[in-house]
Structures are given as C-alpha cells and as structure tokens.
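Please open the structure in a viewer and keep the selection panel at hand. The tour proceeds by selections, each followed by a short account of what is there.

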Amino acid sequence: MSAAGSTPPAEAMSHRQILEALSGLLLALFVAMLSATIVSNALPQIIGALNGTQTQYTWVVTATLLTSTVTTPIWGKLADLISKKSLIQISIVIFVLGSIISGFAQDTPQLIAARAFMGIGVGGLQALVQVAIAAMIPPRERGRYNGYLGGVMALATVGGPLIGGVIVDTDWLGWRWCFFAGIPFALVSLFLLQATLKLPVLKRDNVKIDYLGASLIAAGVSTVLVWISFVDDSFGWFSWQTGAMVGVGLALLAAAVWVESRVKEPIVPLTIVRQRTPALSILASLAVGMAMFGGAVFLGQYFQIGRGYSPTEAGLLTIPMMAGVLVSSIIAGRMITKSGNVKPYILTGTIVLVIGFLALSTIDHQTSLYLVGGAMLLVGTGVGLSMQNLILAVQNDVPLKDIGAASATVTFFRSLGGTVGVSVLGAVLARRVTESITRDLTAAGIPAGGNGGTSALNLAALPPAVQDIVRAAYGDATGHIFLISAAIGVIGIVAAVFLKPTTLRSSLDLGEKRAVAPEPQQVAKV
C-alpha cells in the first residue's frame, strides 16, 4: 500500500480515450472563454443601456478577472487533494448560476457583482482543465494536444464577439442573451464530462486548505485594484487615501507571503515559485497576461466607439487576432511534440507580441483597417506561441502530485497580470478620454457635462456634434494604452530569454519511464 499523499504510477491513455475525455474538457474551456469574449463587443451597448461610466465598463471586465484570479490557486490546490472531475463540474454549476444572475441585472453595480460571482466558476474552469489534461498526457505529447486548446481558444475568441454582436444587433433578443447564450454549452459539457472523464482520485489524509492565505491574497489584490481605478480621479496620487489603500494592500500581500511560507498546504507553493523555470514562466505569464488582457479587452470599444462600427462588424474585425492564435498554437504544438523543445517558441511569441502592440500603439480614429488587422494578427500569433507553452514549461518541471498547484499558480499570475492590466489601462483610457472630451467640447463651445447625465458610451442618445467628439476621443486614446502594453510585454521577453532550455519529458510523472498506451482492443475491454 502506498503512503498517504503518494502518487501511484498512471497508466497511459490511448489517443481515442484522450480525445473522448478532451471533448468535455475543451467544451468547458470554450464556455469559460466565451463568457468573456461574448460580451467584449456588446459591452459598449450594455453599459450604455444601463447608463454606466467608463470606470464601470472596466470593472464589469475586472470583476470577473479578479475573482477568477484569486480563486484559481484554490481550485488548483483542491485538484491535488480531491476529485478533479467533481471540481470541474462544480465550477460549471457556479458559472451557470452567475450567467443567469448577470442576465437579469438591472444596473451596473448588480452586473459587476454578478460577473464577480461568475468569475469564481471561470477561475475553476481555466485552472482545472489544464490540470486534468496534465494528469492525462505527458508533457512531450501535450504539445500536440495544445493545438486543440488553441483551436478552442480561437473559436471562442472569434465566435464570442460575433455571437455577442449579433445578439445585441437583434432587437428581439437584446443584450441579456449575451449571458444566457453560454448556458446550453455549459450544461452539455457537464454531461460530457460525467460520461468521458475518468481520472484517478488521489486519496490524502489530513487535508488542509489555506483559507487564510487565500483570503489575504484576495483582499490585498482587491485593495490595490480599487486604488488603481479611482486614483487621480476621486483622489490624488499623494493623498492620504492613496497612502492608506496602497499601504493596506501591500501589508495584506506581505502577510499572505508570510502565511504561505509557513502553512502545510499553501495556496501558492513558494517552493515551486522559487525554482528557475516556474519563476521565469510566472514572470513572463504576468507580463503576457497584463499586455494581452489589458490591451485586447478594449479593441471592441475602439471599433464601436472610436470607429463607429456595429457590434457584429467589430466582431468580424477582430478575426485577424484570433486567426493568429489558432494557426500559431496548432503549428507550434506539433513542432514542440516533434522536437521536445519549448523555449524557442515562448521567446518568439513574446517578441512577436511586443511588435504587434507597438504597431497597435500607432492607431487613432482614422487609421487604415489593414494596418490595425496586421497588428492584431501579430498580437494573436504572439499569444498563440507563448501563453499555453509557459504553462507547459512549468508542468514539465514538477511532479504529478503538484501539477494542480503549479498549473494554477502560473494561471493565477497570468490572470493577475490581466486583472491589473485591465484596471491600469482602463484607468489610463478613462482619464485621457475625459480630458480629450472636455477639451474638445470647450473648444466647440459646448458646455462640458451638459448631456443631462447621459453616459458618453450611450452614443445614440448624444447630439451628432458630441458623438463626433466622443468617437475621436476614444479612437485617439486607445493607441496610448497599447504602447503601455508593449512596454509591459518587454518584461516577458526578458523572462523568456533566461528560461532554461530543456527537453520535455515523455512520462506523466518525474522519474517515471514512458508509459505505453494500451492497444485499441484492450481499451474496449476496460
């Protein structure tokens, strides 16, 4: 009998078994990604209909990212302790409930709260799908299946904005169906997982979850993000409010590090974080997430508010970026499986990502769509080459018993980067847009703030002259936030340069010999 907490050697799954199990997992991942992308092009109309502000626009996105970020390491740690399959199904149920509540929201604060609840389920799906795949497929072979992951990502990211655009452009549906549309996919994935996903459950005695560490991380990150959203607007950079919020946030995060270094089952294992490959992969993921989420989330707003396109047209215009993700992830996945080397693709991806953001930093409300499309293609290619492969590099360096915590830690920092990126860039965009609109309204002899309380995002309710000023403000300000994204992305390049070159192992666990998949006739007897 094995000792408590040990991992028995895992029998390799056949290609057919893997594909069957992947059907439910990939559909669950599709649902998680769809929840973000389906509202990307619809948000300008949603916030306009609810008469929200640019800060609230940002927080509708940030709320989901925040809760998914802070719960990701908890899901990952639980995956090392109890049934991964059950956890994924619980995540789906939370996602469905959050979607229903979001669809019935009556104002922006209600929508933000509902999206925060939904993010708990999204965080589980994003982390646990990666963990389940790592428990089934050796790192060397995983590159091949990362192509399927890339395809799902591209389909959700292309299909989501298109579906969302069509929904808000269809009078008899309305924007609320952007939240209801993912529910059928979630329910189907729930039943597929029940039928196809069969993973061994690791039995461990004296299981303890680090709730204190998780609470401190959540509170610390939330405090800093709230400060980012309101600084330089509601209060100054050197005000007592800034000192209090930043001080409290940093103190909470410092306390979290202290707790994580002492508890038996830390949410974010510092022993993993201190290793070279995981540490550099986390740093690169933080930069890639900050640049990718923070920049890309505002593209739909750029096309609609800054350029005057409909939500459906905005969805079509983002296809080049998703094509880059799809093609690059599939090609890189197959080449990684063939060579076993992952570092060259991560490094190339981070470089291409920065080049794409530099190109996007030149856009304004009159830039050629060919230039915008080409820049988005580069960004998508960079994401496809780097994002999933950073997780793969970490999974290759840790034993199977820690795969959940390791995968979730990388996903946590990538989501954290995205959350901070959206908050920071959204705050920068809101300031620049407000300054530009105020300046141009004054120059045109129109009283600033004289719109009767109508949101600037509700263009249809604004006079034509004001509409032109608002469009120019959003179109011209967007390029600036992509320049910031490029600067952040340079950190990812530096981290990728110092990654240790390594050959991916062909076994599920460290120290195991490569397992041989059973023949098809043997599988039929199981």
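The stops below concern a predicted model.

**The nonpolar surface patch**

Select V93, L97, I100, I101, F104 and F117, and display the molecular surface. These residues form a nonpolar patch with about 520 Å² of accessible area together. Next, colour helix 4, which spans residues 84-103. Helix 4 gives the most to the patch, namely 4 residues.

Now centre on F104, which is placed in the loop between helix 4 and helix 5 (108-136). Is F104 buried or exposed? F104 counts as exposed because its relative accessibility is 54%, and the cut-off for that class is over 50%. Keep F104 selected and add W177 and F180: the three residues form one aromatic cluster. F104 thus belongs to the surface patch and to an aromatic cluster.

**A stacked aromatic pair**

The structure holds 6 aromatic pairs. For one of them, select F357 and F482, whose rings are stacked, at 5.9 Å centre to centre and with 20° between the planes. Which parts of the chain does this pair link? F357 lies in helix 16 (residues 343-360) and F482 in helix 19 (residues 464-497), so that distant parts of the chain, 125 residues apart, are linked. Both F357 and F482 are buried.

**Along helix 16**

Remain at F357 and extend the selection to the whole of helix 16. Its buried residues include Y345, I346, G349, V352, L353, G356, F357 and L360. Then draw a distance between the end C-alpha atoms of helix 16, which are 26 Å apart. This agrees with expectation, because 18 residues at 1.5 Å a residue should span 26 Å.

From Y345, which is buried in helix 16, move to M335. The C-alpha atoms of these two residues are 9.3 Å apart in space, and the residues are 10 apart in sequence. M335 is found in helix 15 (residues 319-339). M335 counts as partly exposed because its relative accessibility is 41%.

**Contacts between distant parts of the sequence**

Select G76 in helix 3 (residues 54-79). With a relative accessible area of 0%, G76 is buried. Add S407 to the selection: although 331 residues separate G76 and S407 along the chain, their C-alpha atoms are separated by 7.1 Å.

Proceed to P311 in helix 14 (residues 311-317). P311 is buried as well, at a relative accessible area of 2%. The residue to add here is I167, which lies 144 residues from P311 in sequence and 8.9 Å from P311 in space, C-alpha to C-alpha.

Next, select R432 in helix 18 (residues 403-443). Its relative accessibility of 38% is the reason why R432 counts as partly exposed. Add T478, and a C-alpha separation of 9.2 Å from R432 can be displayed for two residues that are 46 residues apart along the chain.

**A buried loop residue**

For the last stop, select S239, in the loop between helix 9 (211-230) and helix 10 (240-260). Is S239 buried or exposed? At 19% relative accessibility S239 counts as buried, since the cut-off for that class is under 20%. Finally, show the side chains of S239 and Q241, which are joined by a polar contact of 3.3 Å.

Definitions and conventions
Residues are numbered from 1 along each chain as its sequence is written. This is a predicted model: local features need pLDDT of at least 70, side-chain atom pairs count only at pLDDT 80 or more; totals for chains, interfaces and linings use all residues. Side-chain values use heavy atoms; hydrogens and water are left out. Patches are made of residues with over 30% relative accessible area and no salt bridge: like charges are joined within 9 Å, nonpolar side chains (Val, Leu, Ile, Met, Phe, Trp, Tyr) within 5 Å. Accessible areas come from the Shrake-Rupley method with a 1.4 Å probe; for residues, only the protein chains shown count as cover. A salt bridge is a side-chain nitrogen of Lys or Arg within 4 Å of a carboxyl oxygen of Asp or Glu. Helices (H or I, at least four residues) and strands (E, at least two) are DSSP runs, numbered from the N terminus. Buried means under 20% relative accessible area, exposed over 50%, partly exposed in between (1.4 Å probe, protein chains only). Rings of Phe, Tyr and Trp (its six-membered ring) pair if their centres lie within 6.5 Å; planes under 30 degrees apart count as stacked, over 60 as edge-to-face and the rest as tilted. A polar contact is a pair of N or O atoms within 3.5 Å; within protein, one must be able to donate a hydrogen and the other to accept it, and residues adjacent in sequence count only if both atoms are side-chain atoms. The expected span of a helix is 1.5 Å times one less than its number of residues.
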